[in-house]
Amino acid sequence: MVGSFGVLGILCEVSLKVLPVSIASATLRFDWDETRALEQLVSWAAQPLPISASAWHAGRLHLRLAGARAAVDAACARLGGERVDPAQAKDWWTRVRDQSDEFFVLDDARLARGESLWRLSVPAITGALALPGRQFIEWHGAQRWWKTMAPAAQVQGAAARAGGHATLIRGADKSQGAFAPLSEVLMRVHQQLKQAFDPARIFNPGRLYAGL
């Protein structure tokens, strides 16, 4: 059901598991280009560091640490960088979470010019992607947002070559669909799942792909 966009059924009951807020947190800022930021994120992922979030945009990497106070303080001393004021850091991460930062905004003028917002899911170890436009990187390199005027095939192709996929989030031209095209085999699997869960075709028909 997760990720099906409601095409397989409806959720009547949801159970949530919650965790306590970390005792301590800190945000570090590094003025690094994309290549160095991605390399460091891969390196840090293999180390016992209390990293809870990362975001890179316009030559600046933000890194959030959270956990026991001793662990956070030790990581800050080890990693260096500029420590961000807690209030500013909270505002930054809230805007990233809610996609209210300027980067995620596409007004009518930009849409009319053909600019689109794409979300690319790729392996975290993927290097820089050769696409025109502006980029915002999250999830330690695994999620890459692109504001670009590149055609859908170019964006989807770049994601596929990296071993991932691309989803159109906002754009004036949705004629190619929001999701990457499926192979014949995968489309057949989707159709069989749809038939099993929703034989009457009443749950969000066409939401993912035509005919589903």
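Q: In this predicted model, which residues does Phe 30 touch, not counting residues up to four places away in sequence?
A: Let's start with the aromatic and glycine partners: Phe 30 touches Trp 44, Gly 59, Gly 80 and Gly 81, among others. The list also includes Arg 60 and three leucines. Those leucines are Leu 61, Leu 63 and Leu 79.

Q: Which elements give two or more residues to the largest nonpolar core?
A: The largest nonpolar core has 19 residues, and Phe 30, Trp 44, Leu 61, Leu 63, Leu 65 and Leu 79 have the most contacts inside it. Two strands and two helices each give two or more residues to this core. They are S1, H1, strand S3 (60-67) and helix H2 (69-79).

Q: How many residues does the second, separate core have?
A: This core is separate from the one just described. Among its members are Ala 152, Ala 158, Ala 159 and Ala 166. Its residue count is 14.

Q: Is Ala 37 buried or exposed?
A: Ala 37 is found in helix H1 (residues 34-45). Leaving aside neighbours within four places in sequence, Ala 37 is in contact with Trp 32, Trp 56 and Leu 61. Its relative accessible area is 2%, and buried means under 20%, so Ala 37 counts as buried.

Q: What distance separates the C-alpha atoms of Ala 37 and Phe 104?
A: Along the chain, these two residues are 67 residues apart. In space, their C-alpha atoms are separated by 21 Å.

Q: Which residue offers the backbone oxygen that the side chain of His 57 reaches?
A: His 57 lies in strand S2 (residues 51-57) and is buried, with a relative accessible area of 17%. Leaving aside neighbours within four places in sequence, its contacts include Phe 103, Arg 134 and Phe 136. The side chain of His 57 reaches a backbone oxygen at 2.9 Å, and that oxygen belongs to Gln 135.

Q: Which side chain is joined to that of Asp 101 by a polar contact of 2.5 Å?
A: Asp 101 is found in the loop between helix H3 (86-98) and helix H4 (108-112), and is buried at 9% relative accessible area. Not counting residues up to four places away in sequence, Asp 101 touches Trp 92 and Arg 95. The polar contact of 2.5 Å joins Asp 101 to the side chain of Arg 95.

Q: How far apart are the closest N and O atoms in the salt bridge of Asp 91 with Arg 95?
A: Side chains of opposite charge can pair when their charged atoms come close. Asp 91 and Arg 95 both lie in helix H3, 4 residues apart, about one turn of the helix. Asp 91 is partly exposed at 41%, and Arg 95 is partly exposed at 26%. The closest N and O atoms of this salt bridge are 3.0 Å apart.

Q: Why are Arg 188 and Glu 184 separated by about one helical turn?
A: The side chains of Arg 188 and Glu 184 meet in a salt bridge of 3.8 Å, N to O. Arg 188 counts as partly exposed at 39%, whereas Glu 184 counts as exposed at 66%. The separation is about one helical turn because they are 4 residues apart in helix H6 (residues 184-197).

Q: Which residues do salt bridges that share partners join into one network?
A: One pair in this network is Arg 110 and Glu 115, whose side chains meet in a salt bridge of 4.0 Å, N to O. Arg 110 is partly exposed at 22%, while Glu 115 is buried at 13%. The network joins Glu 102, Arg 110, Glu 115 and Arg 134.

Terms used: Residues are numbered from 1 along each chain as its sequence is written. This is a predicted model: local features need pLDDT of at least 70, side-chain atom pairs count only at pLDDT 80 or more; totals for chains, interfaces and linings use all residues. Side-chain values use heavy atoms; hydrogens and water are left out. Buried means under 20% relative accessible area, exposed over 50%, partly exposed in between (1.4 Å probe, protein chains only). A polar contact is a pair of N or O atoms within 3.5 Å; within protein, one must be able to donate a hydrogen and the other to accept it, and residues adjacent in sequence count only if both atoms are side-chain atoms. Contact means heavy atoms within 4.5 Å. A nonpolar core is a set of buried Ala, Val, Leu, Ile, Met, Phe, Trp, Tyr and Cys residues joined through side-chain atoms within 4.5 Å.
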